[in-house]
Amino acid sequence: MQIRIHGIKDGKHPIDLRTLASSVPDIFPEFIGEIHLEGVLTKLGNRYNFSGTATCMARYVCDLSLEEYEEEVVSAIDCSMIADTELYFLQQTSFGEEFNEIALHSEDEYFDISAEVKDSLVVHLPMRRIAPQYRGKSWQEIHPELVSNNKMDDRWSGLQGITFDN
């Protein structure tokens, strides 16, 4: 996902990009279809700021039912860049240091925002994957056939008297 930056004038520029999720390096396999990046690139001198959203469909396996389902992942994307060749080379040789802005070579024609989009979308994947039709329901409501109302098996009856009080 490349945003053209070479030769643009100061001001705000609308950005609307689409790319296949499978074409983004190291993207998680949950992401399917297209990634849609929409927002505004603001240029002021040698500084650039992109603010927008990335959306992509993701395919999950429900933790409760083991059914596959798809749901859209939406993520805010905000990044700042500066066209400064000296800083660009400094960032290339500095290991472990964090910089607030992404330095670009002054002659760069495009800025590849793929890594920022991928990282932001991955952070927005849900930890617990519950299909929409099962959200807010208890295990007993979803799988009543697995809930037994029978009395305890007699083989375990000896354990009923055990207490963990000191």
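Begin by selecting Arg18 and Glu34, whose side chains meet in a salt bridge with N and O 3.5 Å apart. A salt bridge here is a side-chain nitrogen of Lys or Arg within 4 Å of a carboxyl oxygen of Asp or Glu. The pair links distant parts of the chain, with Arg18 in strand β2 and Glu34 in strand β3, 16 residues apart. Helices (H or I, at least four residues) and strands (E, at least two) are DSSP runs, numbered from the N terminus. Arg18 counts as exposed at 51% relative accessibility, while Glu34 counts as partly exposed at 41%. Buried means under 20% relative accessible area, exposed over 50%, and partly exposed in between, with a 1.4 Å probe and protein chains only.

The model on display is predicted: local features need pLDDT of at least 70, side-chain atom pairs count only at pLDDT 80 or more, and totals for chains, interfaces and linings use all residues. Residues are numbered from 1 along each chain as its sequence is written, and side-chain values use heavy atoms, with hydrogens and water left out.

**The whole chain**

Next, display the entire protein as a cartoon. It contains 3 helices and 7 strands, which follow the pattern β-β-β-β-β-α-β-β-α-α along the sequence. Of the 166 residues, 33% are buried. Among contacts with a separation of 6 or more, 56% are between residues 24 or more positions apart; contact means heavy atoms within 4.5 Å. The protein exposes about 11,300 Å², of which carbon and sulfur atoms supply 51%. Accessible areas come from the Shrake-Rupley method with a 1.4 Å probe, and for residues only the protein chains shown count as cover.

**Further salt bridges**

The count of salt bridges comes to 8. Select Asp10 and Lys43, where the N to O distance of the bridge is 3.3 Å. Asp10 lies in the loop between β1 (2-4) and β2, and Lys43 in strand β3, so this pair ties together parts that are 33 residues apart in sequence. Lys43 is buried, at 13% relative accessibility, whereas Asp10 is partly exposed, at 47%.

Move on to Glu70 and Arg59, which form a salt bridge whose closest N and O atoms are 3.0 Å apart. Glu70 belongs to strand β5 and Arg59 to strand β4, so the pair ties together parts that are 11 residues apart in sequence. Both are partly exposed: Glu70 at 42% relative accessibility and Arg59 at 36%. Add Glu68 to the selection, for Arg59, Glu68 and Glu70 are linked in a network of salt bridges.

**Ile32 in strand β3**

Keep Arg59 and Glu70 visible and select Ile32, which is placed in strand β3 (residues 31-44). Which residues is Ile32 in contact with, leaving aside its neighbours within four places in sequence? They are Ala21, Cys56, Met57, Ala58, Arg59 and Glu70. The C-alpha atoms of Ile32 and Glu70 are 9.1 Å apart in space, although 38 residues separate them in sequence. Ile32 is buried, with a relative accessible area of 19%.

**Helix α2**

Select residues 114-123, helix α2, whose buried residues are Ser114, Val117, Lys118, Ser120 and Leu121. These buried residues pack against β3, β4 (47-61), β5 (68-83) and β7 (110-112). An α-helix has 3.6 residues a turn, so residues three or four places apart point the same way.

Within the helix, centre the view on Ser114, which is buried with a relative accessible area of 8%. Beyond residues up to four places away in sequence, Ser114 touches Met1 and Val24. A polar atom of the Ser114 side chain lies 2.7 Å from the backbone nitrogen of Met1.

**Two loop residues with positive phi**

Most residues other than glycine have a negative phi. Select Asp26, in the loop between β2 (11-20) and β3, where phi is positive and near 60 degrees. Then select Leu66, in the loop between β4 and β5; it has a positive phi of about 65 degrees, although it is not a glycine. Asp26 is exposed at 67% relative accessibility, and Leu66 is exposed with a relative accessible area of 67%.

**A nonpolar surface patch**

Finally, switch to a surface view and select Trp156, Leu159, Ile162 and Phe164, which make a nonpolar patch of about 510 Å². Patches are made of residues with over 30% relative accessible area and no salt bridge; like charges are joined within 9 Å, and nonpolar side chains (Val, Leu, Ile, Met, Phe, Trp, Tyr) within 5 Å. One of the patch residues, Ile162, is found in the segment after α3 (139-142) and is partly exposed, with a relative accessible area of 46%.

Technical notes. A polar contact is a pair of N or O atoms within 3.5 Å; within protein, one must be able to donate a hydrogen and the other to accept it, and residues adjacent in sequence count only if both atoms are side-chain atoms.
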